[in-house]
Amino acid sequence: MAMNTGTVTRSDARAPVIGPRTIAGIFRSTPFHWVGNGFYVSSYFPRADLPAERVSPFLLMDYGPPREFAPLASGQRGVGWHPHRGFETVTVAWEGEVAHRDNAGNAGVIGPGDVQWMTAGAGILHEEYHEREFARRGGLMHMMQLWVNLPKKDKMTAPGYQPITTSQIPTVALGDAGSLRVIAGEYAGASGPARVFTPITMLDARLAPGGRLPVALPSTHNALAIVTGGRVRVGERHASAGELVLFENDGSELELLALEDTHVLVLAGEPIDEPITQYGPFVMNTPEEIQQAFVDFRQGKFGAVPE
Ligand code: MN
């Protein structure tokens with residue numbers, strides 16, 4: 001490239017860059033809505049003003065803040081049998097207990113601190129409920145669900161299920177700043193237990209007032225900080241609970257400064273540079289593949305609901 005022209009080519013823009021990242025934008029999550037009758041959530045994305053390629057490989061992030069549920073005499077709270085194809089669902093329960101059952105033969109209950117990483121792949125049917133005894137007792141539910149896209153070559157992979165207990169998740173002490181849990185990727189030499197299809201970092205941090213959280217990431221990875229509680233300063237900007245900070249891909253590190261007791265999730269990953277076509281619970285590359293998903297679902301190729 002000629003010198004001193006000031007021109008930045010597309011390939012230059014994607015080359016790794018060393019240094020701090022700047023902020024691309026701060027976005028407020030949606031008003032709360034119910035998913036089924038069990039999960040009262042706010043969506044950080046998708047959103048019309050946040051292009052899918054800027055949050056790739058992530059597709060959706062629903063957050064359910066701590067919410068007290070009264071004891072339930074009968075029935076269930078949650079979402080009944082439904083299909084997915086072409087991506088993964090990642091559920092974290094910080095409080096309460098979420099029960100999962102799918103027609104690939106996997107079932108499990110995640111309790112405080114646990115993570116469930118489900119690969120829908122070629123197709124799965126599952127149900128997601130408050131665990132029955134927890135629902136009977138009533139109590140606090142605090143959870144999130146993240147959808148992670150799969151690359152084209154893995155969209156039709158066999159369904160999978162990773163129950164990740166809190167004891168498997170390394171906690172990194174940050175001194176006076178607080179601590180974080182490494183669910184996926186690496187931080188300060190600690191490796192997250194999640195097995196992933198594309199490079200992903202998922203950090204679950206609790207910061208004390210004045211606590212600094214520096215995170216080193218390849219500049220080519222998309223990076224988001226999701227503030228679920230408290231307030232942070234990033235560069236010259238502030239972000240509070242319910243806000244998402246999108247970073248530019250212009251540096252190798254980001255830093256958050258907590259202004260109060262803060263809960264923040266750092267999500268980062270290598271973007272999947274492929275077209276996305278989504279319809280409801282199916283996320284594929286083309287409209288034809290979505291149509292095929294409906295055909296396969298109607299023809300029972302996702303399998304049957306278990307007894
Ligand atoms: Mn689901």
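Here are legends for a few close-up views of this predicted model.

**View 1. The manganese ion and the side chains that hold on to it.** Four protein donors sit 2.1 to 2.4 Å from the manganese ion: His82 (NE2), His84 (NE2), His126 (NE2) and Glu128 (OE). Along the sequence, these donor residues follow the spacing H-x1-H-x41-H-x1-E. His82 belongs to strand E5 (residues 78-84) and His126 to strand E10 (residues 124-130), so this pair links distant parts of the chain, 44 residues apart. His82 is buried, at 16% relative accessible area, and His126 is buried too, at 0%.

**View 2. The second largest pocket.** There's about 270 Å³ of space in here. Its lining takes in 16 residues, and the closest to the pocket's centre are Val35, Asp62, Val79, Glu128 and Gln145. Glu128 is also one of the manganese donors. By type, the lining splits into eight nonpolar, six polar and two charged residues.

**View 3. A salt bridge between Arg85 and Asp296.** This is one of nine salt bridges in the structure, and its closest N and O atoms are 3.0 Å apart. Arg85 lies in the loop between E5 and strand E6 (87-95), while Asp296 is in helix H4 (residues 287-298), so the bridge ties together parts that are 211 residues apart in sequence. Both Arg85 and Asp296 are buried.

**View 4. Lys153 meets Asp154.** Their side chains form a salt bridge, 2.8 Å from N to O. Asp154 is buried at 12% relative accessibility, whereas Lys153 is exposed at 69%.

How values were computed:
Residues are numbered from 1 along each chain as its sequence is written. This is a predicted model: local features need pLDDT of at least 70, side-chain atom pairs count only at pLDDT 80 or more; totals for chains, interfaces and linings use all residues. Side-chain values use heavy atoms; hydrogens and water are left out. Donors are N, O and S atoms within 2.8 Å of the metal (3.2 Å for Na, K and Ca); water is not among the atoms, so sites may look incomplete. Helices (H or I, at least four residues) and strands (E, at least two) are DSSP runs, numbered from the N terminus. Buried means under 20% relative accessible area, exposed over 50%, partly exposed in between (1.4 Å probe, protein chains only). On a 1 Å grid over the protein atoms alone, a cavity is a set of points where a 1.4 Å probe fits but cannot get out, and a pocket is an open set with protein on both sides within 12 Å along at least five of seven lines; lining residues have an atom within 4 Å of a point. Grid points are joined across faces, edges and corners, and a volume is the space filled by probe spheres set on the points. Ala, Val, Leu, Ile, Met, Phe, Trp, Tyr, Cys and Pro count as nonpolar, Asp, Glu, Lys and Arg as charged, and the others, Gly among them, as polar. A salt bridge is a side-chain nitrogen of Lys or Arg within 4 Å of a carboxyl oxygen of Asp or Glu.
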